[in-house]
Amino acid sequence: MIFPRSTIGDGKLGILFLLTLLSFGATRGLAQTPPPTDRGDRRPDRGTEWEIWTGGGADPIGSNGVTQGNRMWNAGFRYGWILTDAHGPGLLRGRFEYAVDAVPVVMVFQPGGTAFGFGFDPWIMKWNLEAHRRVSPYIELGGGGLISTREIPMGESRFNFTPTGAIGVNLLRGKYHWSIDFRYLHISDAELTKFNPGTDTFGLRVGWGQYIPAK
């Protein structure tokens with residue numbers, strides 16, 4: 001059957017009109033659908049944070065028979081202050097957080113016997129990147145001190161400094177969040193003793209906590 005040209009043209013206009021209506025409806029539907037991060041999750045906005053955490057690692061690059069292969073486990077509590085709103089371009093956009101860590105449990109497994117100790121990190125600088133799909137990456141630098149029952153390593157000191165750095169993610173889950181990061185921890189007395197090989201620990205840390213928005 002041969003259709004008049006005008007009928008074909010009207011059909012195309014009808015299909016175009018129908019697609020326009022469907023596109024408009026889909027757009028409105030998407031606009032009304034909350035984004036993946038908008039599920040009541042508490043994100044690292046301006047306010048405070050508390051977290052309990054635990055971690056461990058080992059020294060794969062130290063002096064053979066002194067620090068290489070030494071292992072460490074610790075646990076602690078963090079309190080932080082998210083001091084800024086979001087700043088920065090593109091993927092680097094984030095918020096600055098200052099925090100402190102109390103570390104009541106430290107165990108270092110080394111030749112000569114396990115060292116038990118406690119520490120305190122009074123300065124931690126953390127950059128919380130913008131959340132995407134309930135994940136907020138972060139970068140962190142910090143440091144403090146450690147007092148132990150034995151010298152770390154043997155022949156060094158019972159007091160050591162503990163500079164640290166980490167890169168990780170916050171997993172946002174409603175009122176609370178989980179964190180997991182890859183962390184470097186250096187244990188050294190900064191040459192308070194002549195023997196100062198230092199211990200370089202690489203490992204993982206996991207935490208659970210809560211962001212509290214500023215009122």
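This briefing walks through the fold, the cavities, the nonpolar core and a few notable residues of the chain shown above. The model is a predicted one, with an average pLDDT of 84 over the chain. One helix and nine strands make up its regular elements, and two cavities of 30 Å³ or more turn up when the whole structure is searched.

**Confidence and overall fold**

- A pLDDT of at least 70 is reached by 81% of the residues.
- Please handle the start of the chain with care: residues 1–37 stay under 50 in pLDDT, and the model has eight contacts beyond four places in sequence for this stretch.
- Along the sequence the elements follow the order α-β-β-β-β-β-β-β-β-β.
- The chain has 215 residues, and 40% of them are buried.
- Among contacts with a separation of 6 or more, 62% join residues that are 24 or more positions apart.

**The largest cavity**

- The volume of the largest cavity is about 280 Å³.
- Its lining counts 27 residues, and those closest to the centre are Trp53, Met72, Asn74, Arg183 and Leu185.
- Seen by element, two or more lining residues come from each of strand 1 (47–58), strand 2 (71–82), strand 3 (94–109), strand 4, strand 5 (135–148), strand 8 (176–187) and strand 9 (199–213).
- For anyone thinking about chemical character, the lining holds 11 nonpolar, 10 polar and six charged residues.

**The second largest cavity**

- The second largest cavity has a volume of about 40 Å³.
- Its lining is made of Glu51, Arg78, Lys126, Tyr138, Glu140, Ser179, Asp181, Arg205, Val206 and Gly207.
- Sorted by class, this lining has six charged residues, two polar and two nonpolar.
- Strand 9 gives the largest share, three residues, while strand 5 and strand 8 each supply at least two.

**Lys126, a buried lysine**

- Lys126 belongs to strand 4, which spans residues 115–129.
- Lys126 is classed as buried because its relative accessibility is 1%, below the 20% cut-off.
- Its contacts beyond four places in sequence include the acidic residues Glu49, Glu97 and Glu140, and also Arg78 and Arg95.
- Phe96, Tyr138, Ile139, Asn170 and Tyr211 are further contacts of Lys126.
- Of these neighbours, Arg78, Tyr138 and Glu140 join Lys126 in lining the second largest cavity.

**The nonpolar core**

- In soluble globular proteins, nonpolar side chains tend to be buried together.
- Here the largest nonpolar core has 10 residues: Trp53, Met72, Val103, Val106, Val108, Ala115, Leu146, Ile152, Leu185 and Ile187.
- Strand 3 contributes the largest share of this core, three residues, and strand 8 also supplies at least two.
- Trp53, Met72 and Leu185 link two topics, as they belong to this core and are also among the residues closest to the centre of the largest cavity.
- Leu185 touches Met72, another member of the core.
- Beyond four places in sequence, Leu185 also meets Thr162, Pro163, Thr164, Thr199, Asp200 and Thr201.

**Loops and backbone details**

- Arg150 sits in the loop between strand 5 and strand 6 (159–161).
- Arg150 is classed as partly exposed because its relative accessibility is 34%, which falls between the 20% and 50% cut-offs.
- Although Arg150 and Phe116 are 34 residues apart along the chain, their C-alpha atoms are separated by 7.2 Å.
- Arg150 makes contacts with Gln110, Gly112, Gly113, Thr114, Ala115, Ser157 and Arg158, leaving aside residues up to four places away.
- One of these contacts, Ala115, is a member of the largest nonpolar core.
- The loop between strand 5 and strand 6 also holds Pro153, and the peptide bond leading to Pro153 from Ile152 is cis, with omega near -15 degrees.
- Arg134, in the loop between strand 4 and strand 5, has a positive phi near 65 degrees although it is not a glycine.
- Ala190, in the loop between strand 8 and strand 9, likewise has a positive phi, near 55 degrees.

Note on methods:
Residues are numbered from 1 along each chain as its sequence is written. This is a predicted model: local features need pLDDT of at least 70, side-chain atom pairs count only at pLDDT 80 or more; totals for chains, interfaces and linings use all residues. Side-chain values use heavy atoms; hydrogens and water are left out. Helices (H or I, at least four residues) and strands (E, at least two) are DSSP runs, numbered from the N terminus. Buried means under 20% relative accessible area, exposed over 50%, partly exposed in between (1.4 Å probe, protein chains only). Contact means heavy atoms within 4.5 Å. pLDDT is the predictor's confidence in each residue, from 0 to 100. On a 1 Å grid over the protein atoms alone, a cavity is a set of points where a 1.4 Å probe fits but cannot get out, and a pocket is an open set with protein on both sides within 12 Å along at least five of seven lines; lining residues have an atom within 4 Å of a point. Grid points are joined across faces, edges and corners, and a volume is the space filled by probe spheres set on the points. Ala, Val, Leu, Ile, Met, Phe, Trp, Tyr, Cys and Pro count as nonpolar, Asp, Glu, Lys and Arg as charged, and the others, Gly among them, as polar. A nonpolar core is a set of buried Ala, Val, Leu, Ile, Met, Phe, Trp, Tyr and Cys residues joined through side-chain atoms within 4.5 Å.
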